[in-house]
Amino acid sequence: MRSGLGAPSGTGGLPPSDIGGLPGGKEASTHTIATLCKLLQEDPGISSEDLVVKTGMEIHKLGFTLNPFVGIGTTLTLIRHKPDGSWEAAHVGDSSLWLMRGGRLTKLTVDHNVENDLLARGLDPASYTNPEVNLQALTRCIGQGDPLVPDIIPLDPKAKDRYIL
């Protein structure tokens, strides 16, 4: 795991990824990192949920300055060593987090897309008949206008574990 990115000690991860093909992806990713760092410096005890939600609101505002018709967006998955000594991940979008433990690779995140939202509702994506809908289209990302609900994943690192972003 690469850490730092200008972030306070104890935070880490990789830069967010822009949303394929949409304008403003680079700006969304760059400003997401800057906003995360600023919020963590102002309040190291901020909850991971508030950290992601506040970052999302800032990127949403910026998006309508840079691209008033569509906004901008990025995905985000981060790992955080919290001030109380615990570890957790926060996730929105389709940037995956994996755990390698004891020779076994396990995906810890679920992609936030139309297909997985249908599955979560007990619906079969294969029977979805609207050809206009891209089943891989994101349903959650940094910069979206709707209230953003990140997945918060408690982590319990063990010796020799590897987290892969």
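Hi everyone. Before we start, one definition: when I say helix or strand, I mean a run assigned by DSSP, at least four residues for a helix and at least two for a strand, numbered from the N terminus. With that in hand, Gln144 can be placed in the loop between helix H3, residues 114-120, and strand S6. We will come back to Gln144 later. Please keep in mind throughout that this is a predicted model.

Let's get the overview first. The protein has three helices and seven strands. Walking along from the N terminus, you meet the elements in the order β-α-α-β-β-β-β-α-β-β. There are 165 residues, and 38% of them count as buried. If you take the contacts with a separation of 6 or more, 57% of them come from residues 24 or more positions apart.

Now to the helices. How do H1 and H2 pack? Helix H1 covers residues 25-42 and helix H2 covers residues 48-66, and they pack at an angle of about 140°, with their axes 9 Å apart. An angle counts as roughly antiparallel only over 145 degrees, and H1 and H2 are therefore oblique to each other. Their crossing is right-handed.

If you want to find this contact on the screen, look on the H1 side for residues including His31, Leu36 and Leu40, and on the H2 side for residues including Leu51, Ile59 and Leu66. Sorted by character, the residues of the contact of H1 with H2 are eight nonpolar, four polar and three charged.

Next, the sheet. Three strands make up an open sheet, in the order S5-S4-S7, with antiparallel pairing. Strand S5 (104-107) and strand S7 (162-164) are the edge strands, each pairing on one side only. On average, neighbouring strands of this sheet are turned by 25° against each other, ignoring direction.

Let's follow strand S4, residues 98-101, towards S7: these two are antiparallel and share three bridges. Trp98 stands opposite Ile164 of S7, and Leu99 has Tyr163 of S7 as its bridge partner.

Towards S5, S4 is joined by four bridges, and again the two run antiparallel. Here Arg101 has Arg104 in S5 as its bridge partner. S4 and S5 form a hairpin with two residues between the strands, and Gly102 in that hairpin takes a positive phi near 60°.

Glycine is not alone in having a positive phi here. Lys160 has one of about 75°, although it is not a glycine. You can find Lys160 in the loop between strand S6 (151-155) and S7. Is Lys160 buried or exposed? Its relative accessible area is 75%, and exposed means over 50%, so Lys160 is exposed.

Now, as promised, back to Gln144. Here the relative accessible area is 17%, and the cut-off for buried is under 20%, so Gln144 is buried. Which residues does Gln144 touch, leaving out those up to four places away in sequence? They are His60 and Thr139. His60 lies within the 48-66 stretch of H2, so if you have H2 in view you can find this contact from there. There is also a partner in space to look for: the C-alpha atoms of Gln144 and Gly73 are separated by 6.6 Å, although these residues are 71 residues apart along the chain.

That's my tour, so do have a look at the model yourselves. Thanks for listening!

Methods:
Residues are numbered from 1 along each chain as its sequence is written. This is a predicted model: local features need pLDDT of at least 70, side-chain atom pairs count only at pLDDT 80 or more; totals for chains, interfaces and linings use all residues. Side-chain values use heavy atoms; hydrogens and water are left out. Axes are lines fitted to C-alpha atoms, for helices over the stretch in contact, and angles run from 0 to 180 degrees between N-to-C directions. Angles under 35 degrees count as roughly parallel, over 145 as roughly antiparallel, 65 to 115 as roughly perpendicular and the rest as oblique. A crossing is left-handed if the near helix is turned anticlockwise from the far one by less than a right angle, and right-handed if clockwise. Contact means heavy atoms within 4.5 Å. Ala, Val, Leu, Ile, Met, Phe, Trp, Tyr, Cys and Pro count as nonpolar, Asp, Glu, Lys and Arg as charged, and the others, Gly among them, as polar. Two strands pair if DSSP finds at least two bridges between them. Buried means under 20% relative accessible area, exposed over 50%, partly exposed in between (1.4 Å probe, protein chains only).
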